[in-house]
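Student: Could you take me through one part of this structure slowly? I'd like a close look at the nonpolar core, and then at how the rest of the chain sits around it.

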Amino acid sequence: MPDTWITNINHFLEAGRLHPELPGPARKLADHLGAIIVAVTSVPPDDPLGVPCRRRPNRRPCAGEVEAFIDPESHRIHWACLVCGDNGVISNWERTVWDCRDAEAHTRH
């Protein structure tokens, strides 16, 4: 069964960087969510993000890739793997270390 991840990315950060004492599984999740943020803020809309799904259904890697978009009203990132159904929402990603938008885009929100 797929998971739904509702994530405030700031919970993984301390002083703007990954918290130095994050346990391994939390660090891996933060790295995955960070890769989604980097991709969705640096790849043109409608282009593939190139972020592989992290799920392992039946202990085998999912062959899917993550698709994502920024909701224009809430500014949350909605993401999903269309192969296995893993999905989630990332909030408070703006102005984090993973936000690849240019400085002008930061001032528009």
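Tutor: The largest nonpolar core has 20 residues, and I9, F12, L33, I36, I37, I77 and I90 are the ones with the most contacts inside it. Helix α1 and strand β5, which runs over 77-81, each supply at least two residues of this core. The largest share comes from α1, with 8 residues. Keep in mind that we're looking at a predicted model. As a general background, nonpolar side chains tend to be buried together in soluble globular proteins.

Let's start with F12. You'll find F12 in the loop between β1 (4-8) and β2 (13-14). Is F12 buried or exposed? F12 has a relative accessibility of 11%, so it counts as buried, the cut-off being under 20%. Setting aside neighbours within four places in sequence, F12 is in contact with T7, R17, L18, H19, L22, A26, L29, A30 and L33. Pick out A26 from that list: F12 and A26 are 14 residues apart in sequence, and their C-alpha atoms are 7.9 Å apart in space.

Now jump along the chain to I77, another of the core residues with the most contacts. Again leaving out neighbours within four places, I77 is in contact with I36, I37, V40, A68, F69, I70, G88, V89, I90 and W93. Three of those names should ring a bell, since I36, I37 and I90 are also listed among the core residues with the most contacts.

Next, stay with helix α1, which covers residues 24-42, and find H32 in it. H32 has a relative accessible area of 9%, so it is buried. What does H32 touch, beyond residues up to four places away in sequence? Its partners are V51, P52, R54, V66 and W79.

That brings us to the loop between α1 and β4 (66-70), where D46 is one residue to look at. D46 has a relative accessible area of 81%, which means it is exposed; the cut-off for that word is over 50%. D46 also has a positive phi of about 75°, although it is not a glycine. Why point that out? Because most residues other than glycine have a negative phi. R59 lies in the loop between α1 and β4 as well, and R59 has a positive phi of about 65° without being a glycine. With a relative accessible area of 75%, R59 is exposed.

P48 has its place in the loop between α1 and β4 too. P48 is exposed, with a relative accessible area of 65%. Not counting residues up to four places away in sequence, P48 touches V43 and E65. For a sense of distance, take P48 and I6: they are 42 residues apart in sequence, and 22 Å apart in space from C-alpha to C-alpha.

Don't file that whole loop under "exposed", though. R55 has its place in the loop between α1 and β4, yet R55 is buried, with a relative accessible area of 15%. R55 and L13 are 42 residues apart in sequence, and 23 Å separates their C-alpha atoms in space.

Now zoom out to the whole chain. It has 2 helices and 6 strands, and reading along the sequence you meet them in the pattern β-β-β-α-β-β-β-α. Of its 109 residues, 36% count as buried. Among the contacts with a separation of 6 or more, 45% are between residues 24 or more positions apart.

How does the chain's radius of gyration stack up against that of a compact globule? With 109 residues, a compact globule would have a radius of gyration near 13 Å, and the chain has 14 Å, so the two agree. Taken along the principal axes, the C-alpha atoms fill a box of roughly 45 × 35 × 20 Å.

Finish with the surface and the charges. The accessible surface of the chain comes to about 7,000 Å², and carbon and sulfur atoms account for 51% of that. As for charge, the chain has 12 positive and 15 negative side chains, and the centres of the two sets lie 9 Å apart.

Note on methods
Residues numbered from 1 in each chain as written. Predicted model: local features only at pLDDT ≥ 70, side-chain atom pairs only at ≥ 80, totals over all residues. Heavy atoms only, no water. Helix = DSSP H or I, 4+ residues; strand = E, 2+ residues; numbered from the N terminus. Rg over C-alpha atoms; globule rule 2.2 N^0.38 Å. Buried < 20%, exposed > 50% of the residue type's maximum accessible area, 1.4 Å probe, protein only. Contact = heavy atoms within 4.5 Å. Areas by Shrake-Rupley, 256 points an atom, 1.4 Å probe, with all protein chains shown as cover. Lys, Arg positive; Asp, Glu negative; His and termini not counted. Charge placed at Lys NZ, Arg CZ, Asp CG, Glu CD. Core = buried A, V, L, I, M, F, W, Y, C linked by side-chain atoms within 4.5 Å.
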